[in-house]
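Welcome, and please take a moment with the sequence and the coordinates before reading on. The notes below go from a pocket to the packing and then to the charged pairs.

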Amino acid sequence: MKILYRYILLTALSLLAVCCNSEEKNTVATQETNIENFLSNYLDEDEIRPLSSGVYRYIPRSGSGSRIIRGDVVCFYFAGYQFTSSRQEPAFYTNFDYLVEEMREDGINTIFWSTDPEVVTIGDNRLIKALETGLTGCNKGDSVRLFVTSDNAYGDHYVSNLPINTAVEYVINILTEEEESNLILP
């Protein structure tokens with residue numbers, strides 16, 4: 001009898017896992033469709049760069065600096081938002097000083113948020129894969145918008161006020177070589 005109960009329990013768990021996996025795939029597919037529809041409504045097709053499944057890059061302002069490749073140190077300011085067709089949600093994280101100040105005034109606790117530029121080496125796995133993918137191939141000085149499905153962002157992990165399994169939009173300003181040279185890097 002115990003064997004029968006174990007069999008039933010394992011079968012139920014297997015079905016639940018398949019169901020949840022299917023639901024996640026549907027969520028991601030819906031997010032991709034929503035991102036693609038949003039981008040096609042507001043941008044010309046040649047301005048949008050699908051980089052990989054679920055990661056899209058738009059560069060509203062091109063910089064004139066060197067192209068970013070794996071191994072490069074990159075300094076940037078950014079804000080991460082829950083992706084919606086309009087920006088009504090506050091950023092879930094930012095290091096833009098004016099946004100941190102606005103959020104503070106709105107009562108959001110930003111005491112541990114830095115307004116220093118993010119400094120990373122592309123390929124050192126400090127960033128989520130979507131950010132590394134999105135920054136690679138940009139030029140120093142670019143302004144970038146990345147649109148990312150949840151499976152390429154934070155998935156089922158909570159980050160700040162961002163709901164789990166949520167598509168994300170990043171607004172990124174990559175510093176120029178000249179701006180980087182004025183920083184005191186660790």
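How do the residues of the lining of the largest pocket divide into nonpolar, polar and charged? Nine are nonpolar, one is polar and two are charged. Please keep in mind that this is a predicted model. The pocket itself has a volume of about 200 Å³. Its lining includes the aromatic residues Phe76, Phe78, Phe92, Tyr93 and Tyr154, along with Leu127, Ile128, Leu131 and Val159. Ser160, Glu118 and Arg126 also belong to the lining. Glu118 and Arg126 form a salt bridge with each other, their closest N and O atoms being 2.8 Å apart.

**Overall layout**

The protein chain has four helices and seven strands. Read from the N terminus, the elements follow the order α-β-β-β-β-α-β-α-β-β-α. Of its 186 residues, 39% count as buried. Among contacts with a separation of 6 or more, 65% are between residues 24 or more positions apart.

**Nonpolar packing**

In soluble globular proteins, nonpolar side chains tend to be buried together. Here, the largest nonpolar core has 24 residues, and the ones with the most contacts inside it are Phe76, Tyr154, Tyr170, Ile172 and Ile174. Strand 3 (73-82), helix 3, strand 6 and strand 7 are the elements that give two or more residues to this core. Strand 7 gives the most, with four residues. Apart from this core lies another, of 10 residues, among them Phe38, Ile48, Tyr56 and Ala167.

Tyr170 is a handy residue to centre your viewer on. Leaving aside neighbours within four places in sequence, Tyr170 is in contact with Phe78, Ala79, Gly80, Phe92, Ile128 and Leu131, among others. Its contacts also include Val144, Arg145, Leu146, Val148 and Tyr154. Several names recur here: Phe78, Phe92, Ile128, Leu131 and Tyr154 are also among the residues that line the largest pocket.

**Charged pairs**

Side chains of opposite charge can pair when their charged atoms come close. The model has four salt bridges, and the table gives three of them, including the pair in the pocket lining.

| Acidic residue | Basic residue | Closest N and O atoms |
|---|---|---|
| Glu118 | Arg126 | 2.8 Å |
| Glu180 | Lys140 | 3.0 Å |
| Glu169 | Arg145 | 2.6 Å |

What does the salt bridge between Glu180 and Lys140 tie together? Glu180 lies in helix 4 (residues 177-181), while Lys140 is in the loop between helix 3 (129-135) and strand 6 (143-148), so the pair joins parts that are 40 residues apart in sequence. Glu180 counts as buried because its relative accessibility is 12%, and Lys140 counts as buried because its relative accessibility is 6%.

The salt bridge between Glu169 and Arg145 runs between strands. Glu169 lies in strand 7 (residues 168-174) and Arg145 in strand 6, so this pair ties together parts that are 24 residues apart in sequence. Is each partner buried or partly exposed? Glu169 is buried, at 4% relative accessibility, whereas Arg145 is partly exposed, with a relative accessible area of 23%. Arg145 is also one of the residues in contact with Tyr170.

**A surface loop**

Finally, have a look at Ser62, which is found in the loop between strand 2 (55-61) and strand 3. Ser62 is exposed, with a relative accessible area of 58%. Ser62 and Lys140 are 78 residues apart in sequence, and their C-alpha atoms are 8.6 Å apart in space.

Conventions:
Residues numbered from 1 in each chain as written. Predicted model: local features only at pLDDT ≥ 70, side-chain atom pairs only at ≥ 80, totals over all residues. Heavy atoms only, no water. Salt bridge = Lys/Arg side-chain N within 4 Å of Asp/Glu carboxyl O. Buried < 20%, exposed > 50% of the residue type's maximum accessible area, 1.4 Å probe, protein only. Core = buried A, V, L, I, M, F, W, Y, C linked by side-chain atoms within 4.5 Å. Contact = heavy atoms within 4.5 Å. 1 Å grid on protein atoms, 1.4 Å probe; cavity = no way out; pocket = protein on both sides within 12 Å on 5 of 7 lines; lining within 4 Å. Points joined across faces, edges and corners; volume = space filled by probe spheres on them. Nonpolar A, V, L, I, M, F, W, Y, C, P; charged D, E, K, R; others polar.
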